[in-house]
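Welcome to this short tour of a protein model. Take a moment to turn the structure around on your screen before you read on.

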Amino acid sequence: MTRIRRGYIAWRRRTKIRLFASSFRGAHSRLTRTITQQKIRALVSAHRDRDRQKINFRHLWITRINAAIRERGACHSYSRLINDLYKRQLLLNRKILAQIAISNRNCLYMISNEIIKEVSWKESTETELPGE
């Protein structure tokens with residue numbers, strides 16, 4: 001009796017999986033069962049690390065802004081700057097502020113000084129108003 005060859009669908013599916021895992025080392029790039037496990041693991045790690053990367057960049061931006069502001073020796077800190085930005089309703093996100101802190105520090109100092117002046121002026125006028 002002659003031997004019947006299997007269909008090509010499963011073979012094609014395994015080939016597609018092997019193309020995904022071609023850069024893996026050892027059995028992780030050769031054995032089908034191990035390849036599928038490693039593929040799931042790789043995709044889970046990629047999904048997790050995309051979220052982690054967003055968090056890490058936010059930390060970096062905050063650190064850069066804080067360092068640039070404190071370097072000037074002003075009484076301002078990062079948290080006060082962000083709070084004053086919200087009070088004044090300026091829509092500058094942390095990424096943009098960090099870029100300004102790196103490329104043009106004088107601009108960041110001007111922004112922080114203007115915010116300090118306006119917020120302190122508003123607070124002083126609010127306290128001087130007669131009681132209502």
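## Helix α4 and its buried face

Let us begin with helix α4, which covers residues 94–103. Its buried residues are Arg94, Leu97, Ala98, Ile100 and Ala101. Seen down the axis of α4, these buried residues fall within an arc of 160°, so they line one face of the helix. Here, buried means under 20% relative accessible area, exposed means over 50%, and partly exposed lies in between (1.4 Å probe, protein chains only). The arc is that of the directions from the helix axis to the C-beta atoms. Helices (H or I, at least four residues) and strands (E, at least two) are DSSP runs, numbered from the N terminus.

## What you are looking at

This is a predicted model, in which local features need pLDDT of at least 70 and side-chain atom pairs count only at pLDDT 80 or more, while totals for chains, interfaces and linings use all residues. Residues are numbered from 1 along each chain as its sequence is written, and side-chain values use heavy atoms, with hydrogens and water left out.

How confident is the predictor? The score called pLDDT gives its confidence in each residue, from 0 to 100. For the protein chain the mean pLDDT is 85, and 88% of the residues reach 70 or more. Among the elements, α2 has the highest mean pLDDT (93), whereas helix α5 (residues 105–128) has the lowest (75). Where pLDDT is low, the predicted coordinates should not be read in detail.

## The chain as a whole

The protein chain has five helices and zero strands, so to read it from the N terminus on is to meet α-α-α-α-α. Of its 132 residues, 20% count as buried. The chain exposes about 10900 Å², and carbon and sulfur atoms supply 55% of that area; accessible areas come from the Shrake-Rupley method with a 1.4 Å probe, and for residues only the protein chains shown count as cover.

Contact means heavy atoms within 4.5 Å. Among the contacts with a separation of 6 or more, 43% are accounted for by residues 24 or more positions apart. Glu71 offers an example of contacts to look up: it is found in helix α2 and is exposed, with a relative accessible area of 53%. Leaving aside its neighbours within four places in sequence, Glu71 is in contact with Arg105 and Tyr109.

## Helix α3 and the loop after it

In α3, the residues Tyr78, Leu81, Ile82, Asp84 and Leu85 are buried. Viewed down the axis of α3, they fall within an arc of 165°, so they line one face of the helix. The face turned away from this buried side carries the exposed residues Ser79 and Tyr86.

Which residue follows α3 with a positive phi? That is Gln89, whose phi is near 65°. Gln89 lies in the loop between α3 (78–88) and α4, and Gln89 is exposed, with a relative accessible area of 67%. Most residues other than glycine have a negative phi.

## Aromatic rings

The structure holds two aromatic pairs. The rings of Phe20 and Phe24 have their centres 6.2 Å apart and their planes at 90°, so this pair is edge-to-face. Phe57 and Trp61 form a tilted pair, 6.0 Å centre to centre with 35° between the planes. Rings of Phe, Tyr and Trp (its six-membered ring) pair if their centres lie within 6.5 Å; planes under 30 degrees apart count as stacked, over 60 as edge-to-face and the rest as tilted.

Phe57 and Trp61 both lie in helix α2 (residues 32–71), four residues apart, about one turn of the helix. Phe57 is partly exposed at 38% relative accessible area. Phe20 is partly exposed at 35%, and Phe24 is partly exposed at 22%. Phe20 also has a charged companion: the charged end of Lys39 sits over its ring, 5.4 Å from the centre. A charge sits over a ring if NZ of Lys or CZ of Arg is within 6 Å of the ring centre and within 35 degrees of the ring normal.

Note on methods:
pLDDT = per-residue confidence, 0-100.
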